[in-house]
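Thank you all for making time this morning. I would like to walk you slowly through one protein model, and I ask you to keep the picture in view while I talk.

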Amino acid sequence: MTIKPLIILPDPLLRQVSKPIERVDSDLQRLADDMLETMYDAPGIGLAAIQIGVPRRMLVIDVSREGEEKQPLVFINPEVVKSSDERSVYEEGCLSIPDYYAEVERPATIGVKYLDRDGKEQLIDADGLLATCLQHEIDHLNGVLFIDHISRLKREMVIKKFTKAAKAKAI
C-alpha cells in the first residue's frame, strides 16, 4: 500500500466531476487500499479518489472512533437514492482544505446505492456522522466542496487564503 499526496485547494482538479467506474478489478482494489492508507495517515475519516488526483467515482470511509477496531468502507459509484427532510448540522473539515472547519447542514439520514470492494451491489441506510461523511465525499465526486455549503463571503475568504498560500509555496 502506498500513501498518496493529497490534492489541496485551490487545485482545479477538485472541481472536476469524476467518471463512473466500469469494472472492479485488482487495480481498483489496490487503489482502494492506497486510499485507505492515505486517509488513515492524514488522518481523516473519508477520502474521495479525486483528492489523490484520480477522477473516478470511488471513496473510502471509516468513522470508527479512536481506540475502536477499524471499520473501513469502500464505495464504488455511490449514489444517494433517498434522503430525509430532517436536517442535521455537523462541523466539517476536509483533507483537501487543511485546518479549516465550518458547520454544514445536510439531510440527517440518507440511503446510498453502491458497489462494494468486490463489485457487489449494496444499499446502505446511514445517519449521524456516516451520513454526513458520505454526503461530503459524494460531493467531491461531483466537483463540490463542503465550503460550497457555507456563505459566499466565508467561501471566498477561504479560497483567497488557500490561493495565496499556493502562490507563496510555488515561489
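Let me begin with the largest pocket, which holds about 470 Å³ of space, and please keep in mind throughout that we are looking at a predicted model. Rolling a probe the size of a water molecule over the atoms is what shows where empty space is left. Of the 22 residues that line the largest pocket, those closest to its centre are I45, E92, G93, C94 and Y101. If you ask which elements supply the lining, then β4 (87-94), β5 (97-107) and α2 each give at least two residues to it.

One of those central residues deserves a longer look, namely E92, whose place is in strand β4. Is E92 buried or exposed? With a relative accessible area of 4%, E92 counts as buried, because the cut-off for buried is under 20%. Setting aside residues up to four places away in sequence, E92 touches Y100, Y101, A102, V104 and R106, and also T132, H136 and F146.

From the pocket I turn to the sheet. Strands of a sheet pair through backbone hydrogen bonds, and they may do so in a parallel or an antiparallel way. Here, five strands form an open sheet in the order β1-β2-β3-β6-β7, and the pairing is antiparallel. At the edges we find β1 (46-48) and β7, each of which pairs on one side only, and from one strand to the next the twist averages 40 degrees.

If we walk across this sheet from the β1 edge, we meet three bridges that pair β1 with strand β2 (residues 58-61) in the antiparallel sense, and there you can find L47 standing opposite V60 in β2. Further along, strand β3 (residues 73-83) runs antiparallel to strand β6 (residues 109-115), and five bridges join these two; as an example, K82 has G111 in β6 as its bridge partner. How many bridges pair β6 with strand β7 (residues 121-127)? There are seven, again in the antiparallel sense, and within this pairing the partner of I110 is A126 in β7. The strands β6 and β7 form a hairpin with five residues between them, and in the turn G119 has a positive phi of about 85 degrees.

A helix belongs in this picture as well, since we should ask what lies across the strands at the β1 side. Helix α1 (residues 26-41) lies across β1, β2 and β3, and runs at about 45 degrees to β2.

Now to the interior. In soluble globular proteins, nonpolar side chains tend to be buried together. The largest nonpolar core of this model has 16 residues, and the ones that touch the most other members are L59, I61, F75, V112, I124 and L134. The elements giving two or more residues to this core are β2, β6, β7 and α2 (128-141), and the largest share, six residues, comes from α2. A second, separate core has 15 residues, including I21, L36, I76 and L95. To see what such a core member meets, take F75: apart from its neighbours within four places in sequence, F75 is in contact with R57, M58, L59 and I61, and also with Y114, L115, I124 and L134.

Finally, I would like to point out some backbone details that are easily passed over. The peptide bond from L9 to P10 is cis, with omega near 15 degrees, and P10 has its place in the segment before α1. The bond from A42 to P43 is cis too, with omega near -10 degrees, and P43 lies in the loop between α1 and β1.

Then there are two residues other than glycine with positive phi values. In strand β3 we find N77, with phi near 50 degrees, and in strand β5 we find D99, with phi near 65 degrees. How accessible is N77? At 22% relative accessibility N77 counts as partly exposed, because that value falls between the limits of 20% and 50%. D99, by contrast, has a relative accessible area of 66% and is therefore exposed, the cut-off being over 50%.

Thank you for your patience, and I am happy to go back to any part of the picture.

Terms used:
Residues numbered from 1 in each chain as written. Predicted model: local features only at pLDDT ≥ 70, side-chain atom pairs only at ≥ 80, totals over all residues. Heavy atoms only, no water. Pairing = 2+ DSSP bridges. Helix = DSSP H or I, 4+ residues; strand = E, 2+ residues; numbered from the N terminus. Axes fitted to C-alpha atoms, helices over the stretch in contact; angles between N-to-C directions. Contact = heavy atoms within 4.5 Å. Core = buried A, V, L, I, M, F, W, Y, C linked by side-chain atoms within 4.5 Å. Buried < 20%, exposed > 50% of the residue type's maximum accessible area, 1.4 Å probe, protein only. 1 Å grid on protein atoms, 1.4 Å probe; cavity = no way out; pocket = protein on both sides within 12 Å on 5 of 7 lines; lining within 4 Å. Points joined across faces, edges and corners; volume = space filled by probe spheres on them.
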